[in-house]
Structure formats: C-alpha cells, structure tokens
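Let us go through this structure by question and answer, starting with its overall make-up and then turning to its surface and its charged pairs.

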Amino acid sequence: MNVSNLRPPRHVCLSLSSVSFSFSVCVSLINPACVLQLRKECSLAELMDQESCMVKQIRALDSDMQTLVYENYNKFISATDTIRKMKNDFKKMEDEMDCLATNMAAITAFSACISSTLQDQHAQITKLSGVHSLLRKLQFLFELPGRLTQCVQQGALAQAVSLYSRAHRVLLQYQALPSFSAIHCDCQGIMAELALQLRQRFRDGGSSAQDLAQCVELLLQLDEPAEELCDQFLGHAHTRLEADLPVSAPTDILEFIDRGCNLFVSNLCLVITSYQSLFINRPQQRQELEGGGGGREGGGPSASADISQMAGGKLLSFAERLCERYFALVERRIQEEHGVADNSLLVRALDRFHRRLQAVARLLPSSAVPAWGAEIVERAARERIRQYLSALQSFYLDSLTDVRQALAAPRVAGGGGGGPGGGGGGSGGTGGPGKDSPSLPELLANLSAAILNQIKAVLASVHLFTAKDITFSSKPYFKGEFCSVGVREGLVVSFIKFVCQSSRQFCDTVGERGGATPPALLLLLSRLCLDYETSTITYILTLTDEQFLVQVTHTMRLPDTLRNAMRCTDTLGNAVRCTDTLRNALRRTDTLGNAPRTVRAVMKRVVEDTTSIDVQVGMLYEEGVRKAHSSDSSRRTFSVYSSSRQPARYAPSYTPSAPMDTNLLSNIQKLFSERIDIFSPVEFNKVSVLTGIIKISLKTFLECVRLRTFGRYGLQQIQVDCHYLQLYLWRFVSDENLVHFLLDEIVGSSAHRCLDPAPMEQSVIEVICERG
C-alpha cells in the first residue's frame, strides 16, 4: 500500500491559523479500515516511518496551536474587556433613555396645557403682530425723508442710498395714495440733490480711487445710465493715468521701468479692478435687487449681462490705448540703451516690466497687452544681439589696428640672421621683432585670446536673457529662436563671417598703392584664419550650443575662397615688396655703364628681406617638406647662354655659315622641360610660402630684364647678381631647381638683350660675390 494515499485531500486545510480549519473534518479522516490495511501491507520499517511522520505532524500542530494562542491572547483579553464595558454602558444608556422619555412626556403635557390656554387668543396675537410690523414699516416710510436729509447733511451718502433703496419699490407701488405720494416726492428731491453731489464728487479730479468707486456704486443704485458712468469713470482714470506715464529722463533703464511699473501699471491694475467690480462683476445682492420683479432697470440677469459686455469692451479699448502709449515710451527708452558694458541692468528691467504686465494679463485675459509687452522684450533682445555683434566687430577691428601699430612701431635691432652678414632685419620695420616689441606669435596669441575672451564675455552677457530666474526666459521664443537664430546664427556665426569678410578685404588690398596691407599683418591673419578653421570655430560653436542648449546638426567652415585667398595673400604681399625692390632697381640702373665691381645693394636687400620673411613665417608656420639638396647647390655657375641657348651643343646640326637661332633652341628646349607654375597654390607652411615668394620675385626680375637693353657690363652685372642670389635663395625653396631654372632664364634673357654679349669669367664672379 502506498503511504501517500493516507494523506488528506488538497481541499482539506489542516492549518490551525486558517479560517477554513475544521476539527470534525480532521477526525473524519481517521479511517480504521485504512489503518488495518496499512498494518497488513506495510513492513515494520514503513510502519515506524509512518509513526514518526505522524508524531512530527502532531508536534507541529501542537506548536501551531500554542503559537496561535499566544498571538491572540491580548486580543482575547481586549475583547473580554470590551464586552464588559459595553454591558456597563448599555446599563447607563437605558437609564438615560428612561429619564429622557419621562422628560418628553412632561414637555408634551405642558405644551398641551399652554395650547389649550392660549387657543382663544392665538388669532388676536397674530393679528396684533402683523399690525405692529406694518406700523414699523409705515413709521420707517414717514421718517424716511428726515433720515435721508440727516444722512446727506452728515455726509453718509451710502447710508442714504441704502435707506432709499429699501423703500423705493414700496413707494412706487403705493405712490397713488396721497400720503405716500408726498413721501415719494420728498425722497426724490432729496435723492436728486444727493445725485448732484455724487456727480460733482465724481467729476472732481482730486478724488481718490476709493471715492470714485463709491460714487459709481451709489450712482448705479440711483438708476444712473451705466454707459455714461463707464465713460466718465474711464475718462477720469485716463487723465490720472496719463499723469503717471514715465517721462524719459537721464536715469538708468531699471529706474525708468520701476517708475513706470510702480505708478502707471499699478494704478492701471487698480482702475481695472475697480471698474470690473463696479460694472462687470456686479455684486450678487445688486443683481437680486435689479433682477427681481419690478427692478429699477427694467431687466433681470440679461440686462446685467448686457451692461457687463458693454463695460468689458470699453475697458479693453481703454487699457489697450493707454498701454500702447506706455509701450511706446518704454521702447523709446530701451532704444537709448547703447552701452553693452552691463547687460544685467537691461535684463532685470525687462524682467520687471514683463513680470508686472502679468497682473494686467490676469485681469484682462482677452487683452493684447501681454502679447505687446512680450514683443517689446523680444525686440529688445534682438536689438541687444545686434549691439553685441557691432561691439564684437568694433573690438576686432580695434584689435587689428593695435596689431598693425605694433607691427609698424620702431624696433630695436634684433637678431634676424640668415642673410649675408647676419642682416636679418631689413629696413622699414620688416625685420624680426625687436627686444622691446612683441613677436608675431605673441601678437597672434594675444589677438586670439582677446577675441575669444570677448566672445565668452558677450555670450555670458547674452545668457542672462535665458536665466532661470527671469520670467520671460520660459517663453518659446527665448527657448528656441533666440538661442538658435539670434545667438548662434545672428551673433556668433555672423561675427565669424565678419572676420572672414574683413580678412577677405585685406586680401583684396594687396598690391594697391598707398593702402596696401602690411605683409606681416597678412601673415598673422592667415594663421588666425587657419586656427579658426581647425579648432576655434568648433570650440566657439560648441560653447554656444552648450550654454544655450542649441540642437544643430551642421558645423561651420571657412569659405574655400577665403582659405585659398589667405594662403596666397601673404605670399603675394611679400612678393610684391620684393618685386617692387627689383623693379625700381632695374629702372634706375644704367645697363650700359661701367664694369661690375660688387653685388648691387638691391640684391642684398632682396636676400635680407627674404631672410626676414623666412624668420617671420617660421614663427607662425611649420617647416614643410622640401626636396633633398645637392652637395653643390651653392656652387652652381651660370653661363651667358642657358642650357637651352648654348650653340655649341647644337652646332653639329648646322653648317658654319648658318649660325643657330638661340630663341628657337630656347623654345624647343622649353617644350621638353618641366613647366614651372609661378602662381601655383600655396600651402600653410614655411617652405611653400617662401617658394611662392621667390618664384614671383624672380619671375618679375625676368620680365623686367626682357624690357631692358644691356651692354657688356650690364650683362656681367646680371651675372654677378644672379650668382649672388643663387648663393642664398636656394635654401629657402622646396626645390632648388626652381631657383636655378629661373636664374638661368634671367641670365639668358639678358644675354639675348645684350648689344655686346661678352660674359664674365666664373672665377671673377665668385670673387666679386665673396667680396660683396
């Protein structure tokens, strides 16, 4: 037999703490037949196990029962005390109920006794009470003219109107009776005089707002036309509020706004509140008085609603006209704020202006006044952004002016070696920076830091418009359009575009006479634009986006035309300086004069200027890549005929009687030689910039040579000058063959333009150059 068959069914609960526990069900589970069958079929070990299991279950049940008793012991005691207390309370309640029943029986008997005693006089007492009430009313009516006169004399006009309002309907109802007719006429005369006093007080310009409100209230109760009273009330208020309008005075903007808010806006809110309480939000008792049957205005709630609608329209028009004038004064005063030093004052003033207008918005929800005020704040913010943009532009131009003056200032002779004799500092302030003046890297760092700090200061000032403690910062405009369109695009991006535009204008002045931009300034601007493109623009825009929570997906880059122009402008500017030197020298030189004794000073000046430019460019740009130099770069010699013009090389092809055309040979040689692009793109590195300058300078030298006619000594002077240039210029370019080729072309062109081509010996040229 399976022991598990003796277990109780699942629906039988054996837990003592369960609500469904039943002792009788548990007893019924003990089946003797099952016990006998278990004894027959199970072994001794199984029976022992079953006994042990039953003992454990019995102990568990005993433990649960003890726990249940312990846990509920206090509840049992409390329940017993409650039942005992309830028995005592019910006994007291029964005694009190018996006493109450006895008292009620006595009261009932006493009431019956009184009713039986007064039954005969009840009707007479009721009649006398009615007569007494009527006599009191008649006494009030007969005494009404005297009371009204006394109230008028004492100035208690409100009490007089209240007394008249209580008796008005009764007098109208019984005015056909002679006695009541006389009282009615006397009261009307007195109230007419009272109405005249009220109108006079209403028209009095010195009356306070409270007096005006009381006058209007009393006049309305005296059946005065509501529309006329509205017009008079608003006209009087208009005069007072016009006197409260702020006058533009030489005070700060915050004081101006405070004066307008504390006087005009506060008094306007008081007028609106008083007007609404008088003409729109009619008191409930007056509506009951006027809306009941026989109301003095001849209508009920519908008439009161018509008056409220009429009065509301007049109030709206009145408030908008006055606020329009006030806003014009405020906007004019805001436009006078041109200084951008302290933006917090303007922001606080606008915040106070906007905050005080919210009271008008709550009083007149349908008015356009709050929207107009918000537009003024938005226009002020946009105008402030334009002012800050103009201030940034002026600061940038002033900074460039300071840099230009620093570059043009006289300099102490400083080291600028590299040229012959260490003459790195050329005349005219073109050499390297002296000891008393800042260097180009220092000027660039100061300029960049000053511009960046100014931008940060401007962003911090503009960020005040979006501060959390500013009420209008929660407006959609200041959360969206102001940050993205106004600050990011209208201020930061516009300033960067202005920097690009002004740099482009500096590029366009290169080569102009009189107004040319200094090459050092162009060099500094080119490096500034490079820094802006690589890092500064991204940093500024990221800073703006983080401060103003702008969500953008595009970034800004410098225009390609500007980057190309800034790469080439500095090269062209320095080249123009060198070419002017060469052109002027050739124009003043006698090409048919004496034999050369030394290198011309202009060639030394070109080398010195090139060395100075190399030093300046090296301060701001990396070295760059150049081809490997040959071991004899500085020992290259130049013949009168270039490699394309040497007739001996081509002599075997022609008969002696037919001399070779050197121009033809030169042109044929150029077809097979590598073309040199003089105005090739320039990269942002020192080697590329110097290469472009030297190419343009030597090309200019070549073109000037082609325009002159040389004698024997003029040709020899060109040989000396070219050899001197070759000794020093090859080290500055990326490929020394460029220098060799152009100098070769210069010597060949001078030989072609020479009347008596007699070249100088190479050894003599070297001696002259070494001596020079």
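Q: How many helices and how many strands does the protein have?
A: This is a predicted model, and the answer is a statement about that model. Strands are absent from the protein, their count being 0, while the helices number 26. The count is therefore 26 helices and 0 strands.

Q: What percentage of the residues in the protein is buried?
A: A residue counts as buried when its relative accessible area is under 20%. Out of the 772 residues in the protein, the share that is buried comes to 41%.

Q: Which residues gather in a patch of negative charge on the surface?
A: One member of this patch, D95, lies in helix α4, which covers residues 73–118. With a relative accessible area of 53%, D95 is exposed, because exposed means over 50%. The residues that gather in the patch are E94, D95, E96 and D98.

Q: What is the area of the nonpolar surface patch that includes I107?
A: I107 has its place in helix α4, and at 52% relative accessibility I107 counts as exposed. The other members of the patch are M86, F90, M93, M97, L100 and M104. Together with I107 they make a nonpolar surface patch of about 710 Å².

Q: How many residues apart in sequence are the parts tied together by D231 and K314?
A: D231 and K314 form a salt bridge in which the closest N and O atoms are 2.9 Å apart. D231 is partly exposed at 39% relative accessible area, and K314 is partly exposed at 23%. Because D231 lies in helix α9 (residues 226–244) and K314 in helix α12 (residues 301–335), the pair ties together parts whose separation in sequence is 83 residues.

Q: Is D351, the salt-bridge partner of R355, buried or exposed?
A: The side chains of R355 and D351 meet at 2.7 Å, N to O, and the two residues are separated by about one helical turn, because they are 4 residues apart in helix α13 (residues 343–363). R355 counts as partly exposed at 41% relative accessibility. D351, in contrast, has a relative accessibility of 8% and so counts as buried.

Q: Which residue forms a salt bridge with E489?
A: E489 counts as partly exposed, at 29% relative accessibility, whereas its partner is buried, with a relative accessible area of 3%. The closest N and O atoms of the pair are 3.1 Å apart, and the partner is R488.

Terms used
Residues numbered from 1 in each chain as written. Predicted model: local features only at pLDDT ≥ 70, side-chain atom pairs only at ≥ 80, totals over all residues. Heavy atoms only, no water. Patch = residues over 30% accessible without salt bridge, like charges linked within 9 Å, V, L, I, M, F, W, Y side chains within 5 Å. Areas by Shrake-Rupley, 256 points an atom, 1.4 Å probe, with all protein chains shown as cover. Salt bridge = Lys/Arg side-chain N within 4 Å of Asp/Glu carboxyl O. Lys, Arg positive; Asp, Glu negative; His and termini not counted. Charge placed at Lys NZ, Arg CZ, Asp CG, Glu CD. Buried < 20%, exposed > 50% of the residue type's maximum accessible area, 1.4 Å probe, protein only.
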